[in-house]
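Q: Could we go through how to read a few features of this model, starting with helix packing?

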Amino acid sequence: MDLFLDDKTSLKLLRVTRWDHTVSLQPCDVVAPQPLGLTTAKLNRLAMPGLLSTLRIPESEPLGVLVPNARSRIRSRDFACTVLKRPRGAHPFLRLVSRDNRLLGPLVPEDSNVYALSAPNIVLGMAKRLRQRVIDGKLTKRVAVLMLLKLCLELCGTFAHSPHDPKRGAVVYGVEPSLNTKDLLLFLSDSGTEQGLALARKASALAYDLSGSPQESFMGPALFGSVDSGGLALAPFVANKALVLNAEQRALIEGRTITPDFYLSDYNSVIEFKGDVHNTGDNPRIDHVRDLDYQTLGIRDFSFVYDDVRTQEAFNKSAARIVVAIAQRDGQEATNRFMRLLKNGSFLRRQYTMFEVFRPWLR
C-alpha cells in the first residue's frame, strides 16, 4: 500500500527527517498520487503504527493524504483528503527511506511506500491554505505573505522547527537546507492556475538562503525587508556566507574563516544575533575571538541580543546604530528616512505585524 501525504503532513515529516538523520526523504520518479484503495478506511488498516506514532497522528488531527480525484476520497474521520491530480514539477514527490536507502521496516511495511510532497510543493500547498484563510477573513494578505516567507526561510535555511510544535517548540540547528531560493523561484515561475500561486511567488521573492535560526529569520526581513512588509529596508545584505579575504587579511586574524549572520558590504559592516546559546560552552570565547577579528579587519560589528528585539521600541533603537553607519557614507538623508518611518503610524503597524508573525518565542 502506497501512502501519499498532503502538504501539511509532508511538512511535518520533512521536519522529522531534518531532526532525525536516520531517516530521509529522497527524490523518486513518482509524479502523481494513487488511490489508497480504501473508501471507508481506519488508520489501523494502514499497518503503519510506527509512522503514525512518529507523526503523532491522530492525537490532534487526522492523517492528511492526497488522492487523484474526488471518487477516491476516503470517507473516514481518520483521514483528511486533498484532491490533487498531479503536483507541479518534474519530481514532485520524495520517498521516505532509511539512512542506508532501504525501506523503513519499523515505520513502513515492506510492501508499502510513503511519499511526501517536495519542499517547493509544500510551499505552494501552504500558500493555498493561507489564501483560503485570507478569503475567509481569518488573515490579512500581509500576514499570509509573512507567514509563508517565514516557512520559506526555514526550508531554505540551516535550522528546523519542531515537527509537533513549530511555533513554540525546540529548534535544531546546523541542518542541510531542504530548498534554495533559486530553485523555488524557478519552480514557481512556470505559468499555472494553482490557487495560492501568486501568494507563493510574492513570499518567495522576499526570501533568502541560509538563515541560521528563527531569530535570524526575523532579523533579515525586519532590518532589510521592504517597507511595505514592515521592514526597514536598510541596505543590501548577504546572509551566512564566509567573507572573502585575501592572504594578508587571513594572516592577521585568528579564525580560519569569518561567517557573519549578515554582511553589509557597501558599509563594511556585519550584524550578529547572539541568542542564549552564545552564553554556553566555548561560545563566549569564540565570539570574543571573532569580535577581535572584525576589529583587526576594520569591520564594524553590530551585535543584537534578545533585549534588542524584545519590543518594537527596543528593536528600532538598536537598528538606529546601523542607520548611523549608513549615514556616514550616504549622508543625512539615511537618518531622515529612518526617522520618518518611526513617525509613520501605518509603517509602525506593519512592523508590529511582522513582529507578531516572526517572534512567537517572545510572546
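Q: Which helices do the buried residues of α6 pack against?

A: In this predicted model, the buried residues of α6 pack against three helices: α3 (119–135), α4 (141–155) and α5 (181–189).

Q: Which residues of α6 are buried, and how are they arranged around the helix axis?

A: An α-helix has 3.6 residues a turn, so residues three or four places apart point the same way. In helix α6 (residues 197–204), the buried residues are L197, L199, A200, A203 and S204. Viewed along the axis of α6, these buried residues fall within an arc of 160°, so they line one face of the helix.

Q: How does one read a strand, and which way do the residues of β3 point?

A: Side chains in a regular strand alternate between the two faces of the sheet. From β3, L63, V65 and V67 point one way, whereas G64 and L66 point the other way. Strand β3 (residues 63–67) is mostly covered, with five of its five residues buried.

Q: Which strand is joined to β3, and by how many bridges?

A: Strand β4 (residues 79–83) is joined to β3 by five bridges, and the two run parallel. Within this pairing, F79 of β4 stands opposite L63.

Q: How many residues line the largest pocket, and which are the closest to its centre?

A: The largest pocket holds about 990 Å³ of space. Its lining comprises 28 residues, of which R15, M126, M147, P166 and K167 are the closest to the centre. The elements giving two or more residues to this lining are α1 (7–19), α3, α4 and α12 (345–358); α4 gives the most, with six residues. By class, the lining has 12 nonpolar, three polar and 13 charged residues.

Terms used. Residues numbered from 1 in each chain as written. Predicted model: local features only at pLDDT ≥ 70, side-chain atom pairs only at ≥ 80, totals over all residues. Heavy atoms only, no water. Buried < 20%, exposed > 50% of the residue type's maximum accessible area, 1.4 Å probe, protein only. Helix = DSSP H or I, 4+ residues; strand = E, 2+ residues; numbered from the N terminus. Arc of directions from axis to C-beta. Contact = heavy atoms within 4.5 Å. 1 Å grid on protein atoms, 1.4 Å probe; cavity = no way out; pocket = protein on both sides within 12 Å on 5 of 7 lines; lining within 4 Å. Points joined across faces, edges and corners; volume = space filled by probe spheres on them. Nonpolar A, V, L, I, M, F, W, Y, C, P; charged D, E, K, R; others polar. Pairing = 2+ DSSP bridges.
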